[in-house]
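User: Can you walk me through a part of this model? I'll ask as I go.

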Amino acid sequence: MVRVMAVSHSRDVMGTEHSLLNLAPELSARGFTVVLAARPGGELEKRWRTLGFDFVGVELPERGGVRTSNGSKLNSLAELVRLPFLTVLAAIRVAAAAKRVDAEVIHSNSILTHFDCALAGWLTRRKALVELHDIVAPGVGRLLLGIAVALASRAVATSTAVRDQLPTWARRRAVVIAQGIDVEKFSPVGAPTFWRNHLTAAPQGVLVAAVGRIDPEKGLHTLVGALAELRRRGTDAHLALVGAPSKDDGSYLEELLALADELIPGAFRILPPVEDVAAVLRAVDVLACPSVEEPFGLIILEAQACGVPVVVSASGGPLDFITDHSTGMLVRPGDPHAAASAVEELINDPALRERIVATARERVENEYTAQVRAEHFAKTYREVLGCPTA
């Protein structure tokens, strides 16, 4: 068994942690023991231990990156001065954990731990792999990301857009391995639930939903505008947002609520994050992802697997797996009229909707499962270690 130590800066379970939780059991079935090193005492440790895998607590220092969490500006001078020292401290702690669990590969799963793991690999003479999930703002952040990739043994990007943000001299060290999902959990078939009535006051109407973070880069104000346009055109359309702010301080959510009260009063609901995402998806008519630049869009795959058509901004990671009018509807980012027209076309053309749903589901089953993703990772780990590949 090859021992891999995955490293995360988070205590909570967000998109990148879900990705790791999905991957680990499939890697285990392929001869890889995955140990998680993370800050102890959170939901991530609980969920990891529930899977039956080993966990090692590492007190990674609290810090920000070069930019603030929402990417709008550089962090304070004091924070930037502290960052190199805290990174070295974190690298020493990651290196100690890698020795303790006898890891052969150190796998960074968080943007804040990429330098930690790359340096720990050098300190321990172990292989380090950094998994890139984010698209960062142009400038110094991308330069530093490229340096982390250059220091590591290998980089994995979740999409072409994530890989191509790297400086050209670092890009060749990154391989694209797309996200994968559990197609048995996310399927069109499921027991009837209360979700339709919970998501909208008009279950007989057209229900459009967005599921995930409620942050400015998600472009949800565009979706509110699209629903307003649909209603002006005579469609009884309703919008449900399921999620919560993550990088934002909550001010964007307040703006959305005010905008919805103005443009679609009575046709808008917001719910906190839920555990049974598949049940929520099966209860809606269209899943929308109006992000300005989505790194990948795992929720899009999950919706497609559940038989829900998607309307997605034509930018970022979704361009790897969304073909317009074939596996989904692509629209110009930030264009509420285009989004409204795409939803309207899906609702008014049942044959198109059925064809998109069937084609998307088939592609997810063939190319975007957790099993397919694990096969690609297993091959990458073996290449990094210089092992023969099957």
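The chat below covers one serine and the strand before it.

User: What kind of model is this, and where is Ser-10 placed?
Analyst: The model is predicted. Ser-10 sits in the loop that runs between strand 1 (2-8) and helix 1 (15-28).

User: Is Ser-10 buried or exposed?
Analyst: Ser-10 counts as buried because its relative accessible area is 19%, and the cut-off for buried is under 20%.

User: Which backbone nitrogen lies 2.9 Å from a polar atom of its side chain?
Analyst: That of Asp-12.

User: And what is Ser-10 in contact with, leaving aside neighbours within four places in sequence?
Analyst: Glu-17, Ala-38, Leu-44 and Ser-110.

User: Switching to strand 1. How many of its residues are buried?
Analyst: Six of the seven residues in strand 1 are buried, so the strand is mostly covered.

User: Which strands does strand 1 pair with, and in what sense?
Analyst: Strand 1 pairs with strand 2 (residues 32-38) in the parallel sense, over seven bridges. Strand 1 also runs parallel to strand 4 (residues 105-108), with four bridges joining them.

User: What are the bridge partners of Met-5 and Ala-6?
Analyst: Met-5 has Val-35 in strand 2 as its bridge partner. For Ala-6, the partner is His-107 in strand 4.

User: Back to helix 1. What unit does it make with strand 1 and strand 2?
Analyst: Together, strand 1, helix 1 and strand 2 form a β-α-β unit, and that unit is right-handed. The loop holding Ser-10 is the one between strand 1 and helix 1.

Methods
Residues numbered from 1 in each chain as written. Predicted model: local features only at pLDDT ≥ 70, side-chain atom pairs only at ≥ 80, totals over all residues. Heavy atoms only, no water. Helix = DSSP H or I, 4+ residues; strand = E, 2+ residues; numbered from the N terminus. Buried < 20%, exposed > 50% of the residue type's maximum accessible area, 1.4 Å probe, protein only. Polar contact = N/O pair within 3.5 Å; in protein donor to acceptor, adjacent residues only side chain to side chain. Contact = heavy atoms within 4.5 Å. Pairing = 2+ DSSP bridges. Right-handed = clockwise from strand over helix to strand, strands pointing away.
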